[in-house]
Amino acid sequence: MTLKTVELPAPAEMRPRWAAYAALLAVRGERWAQGARATPDGWHYDDGGGNWADMVLVGDDRAVLVGHDHEYSETYFREGAAYFGEPETDLLDGAPPWWEPAIAPHLERQRTEGMWIGFVYGFDGRWTRSGYDLEDGFTGVGLPFVDSQKTVDALADLLGNWFGELRLPPPADLATRVRAMIEPAGEVTEAGLRRILGPAAAHADIAGAVTAAQRFEPEGRQ
């Protein structure tokens with residue numbers, strides 16, 4: 001089957017957005033930090049409701065994006081097809097041989113834990129996927145990092161909810177402050193977080209947030 005092109009930004013473009021999101025979860029502590037984090041193999045995101053996506057980094061120039069939406073994925077892959085009694089969609093049909101080894105741990109978790117896989121996209125200069133016509137759930141996952149404004153909105157929403165819990169007013173220019181972290185020259189720093197958080201910084205794990213963001217850098221994955 002011929003692969004289809006997927007219009008998504010390159011991993012390098014998503015990296016600072018993902019890192020900033022991870023940092024602004026980590027300010028609330030370790031439990032919250034599990035929702036977005038970097039590991040030695042790649043980057044994880046989940047919405048806390050069972051929908052998730054992982055970016056698996058393959059060397060410096062390749063990546064695989066794998067994930068599932070438990071409501072909107074109409075693709076049933078391998079064990080998922082057998083479990084749900086649905087026709088299988090081969091998410092690796094036509095894929096180059098390096099895709100499957102990249103997601104081997106996810107394939108194992110699908111076999112042993114029922115962590116179903118709804119989509120597998122590969123990046124090698126551009127994003128592609130197998131040529132099926134079903135809804136695979138990627139849109140439903142709502143990965144914020146595919147667009148700068150979506151990331152800003154997600155970050156502002158995260159902080160706005162937390163400020164509400166703390167009974168603190170959010171800064172009037174909150175969106176502008178968080179946007180500075182995800183611009184090409186932006187980065188997550190202690191000083192920047194304190195500017196964004198204001199009085200909420202007294203309740204935050206600033207050091208943990210900076211560390212969470214730094215793990216998205218190549219040297220941070222060592």
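Start by selecting I206: setting aside neighbours within four places in sequence, I206 is in contact (heavy atoms within 4.5 Å) with E190, L193, R194, L197 and A201. You are looking at a predicted model, in which local features need pLDDT of at least 70 and side-chain atom pairs count only at pLDDT 80 or more, while totals for chains, interfaces and linings use all residues. Residues are numbered from 1 along each chain as its sequence is written, and side-chain values use heavy atoms, with hydrogens and water left out.

**Stop 1: around I206**

I206 belongs to helix α10, residues 206–214. Helices here are DSSP runs of H or I with at least four residues, strands are runs of E with at least two, and both are numbered from the N terminus. Is I206 buried or exposed? Its relative accessibility is 6%, so I206 counts as buried; buried means under 20% relative accessible area, exposed over 50%, and partly exposed in between, with a 1.4 Å probe and protein chains only. Now add G118 to the selection: I206 and G118 are 88 residues apart in sequence, and their C-alpha atoms are 35 Å apart in space.

**Stop 2: T128 in a short selection**

Move to strand β7, residues 127–129, where you will find T128. T128 is buried, at 8% relative accessibility. Which residues does T128 touch, not counting residues up to four places away in sequence? They are L3, K4, T5, V6, W99, V120, Y121 and G122. For a distance label, pick M14 as well: the C-alpha atoms of T128 and M14 are separated by 16 Å, with their positions 114 residues apart along the chain.

**Stop 3: W43 and its contacts**

Next, select W43 in strand β3, residues 42–46. W43 has a relative accessible area of 4% and is buried. Show its contacts, again not counting residues up to four places away in sequence, and you should see P11, R15, W18, R37, A38, A53, D54, M55, L57 and F216. F163 is 120 residues from W43 along the chain, and the two C-alpha atoms are separated by 26 Å.

**Stop 4: helix α1**

Select residues 11–26 to bring up helix α1, which has 16 residues. From its first C-alpha to its last, α1 reaches 21 Å, close to the 22 Å expected at 1.5 Å a residue; the expected span is 1.5 Å times one less than the number of residues. The helix is mostly covered, with 13 of its 16 residues buried.

**Stop 5: two arginines with positive phi**

Look for R78 in the loop between β5 (62–68) and α3 (79–84). R78 is not a glycine, yet its phi is positive, at about 55°. With a relative accessible area of 29%, R78 is partly exposed. Then jump to R167, in the loop between α7 (148–166) and α8 (174–182). The phi of R167 is also positive, near 60°, and R167 counts as exposed at 78% relative accessibility.

**Last stop: the whole chain**

Zoom out and colour by secondary structure: the protein chain has 10 helices and seven strands. Its radius of gyration is 18 Å, close to the 17 Å that the globule rule gives for 222 residues, so the chain is as compact as a globular protein of that length. That radius is taken over C-alpha atoms, and the rule is 2.2 Å times the number of residues to the power 0.38. The C-alpha atoms fill a box of roughly 55 × 35 × 30 Å along the principal axes. Buried residues make up 48% of the 222 residues.
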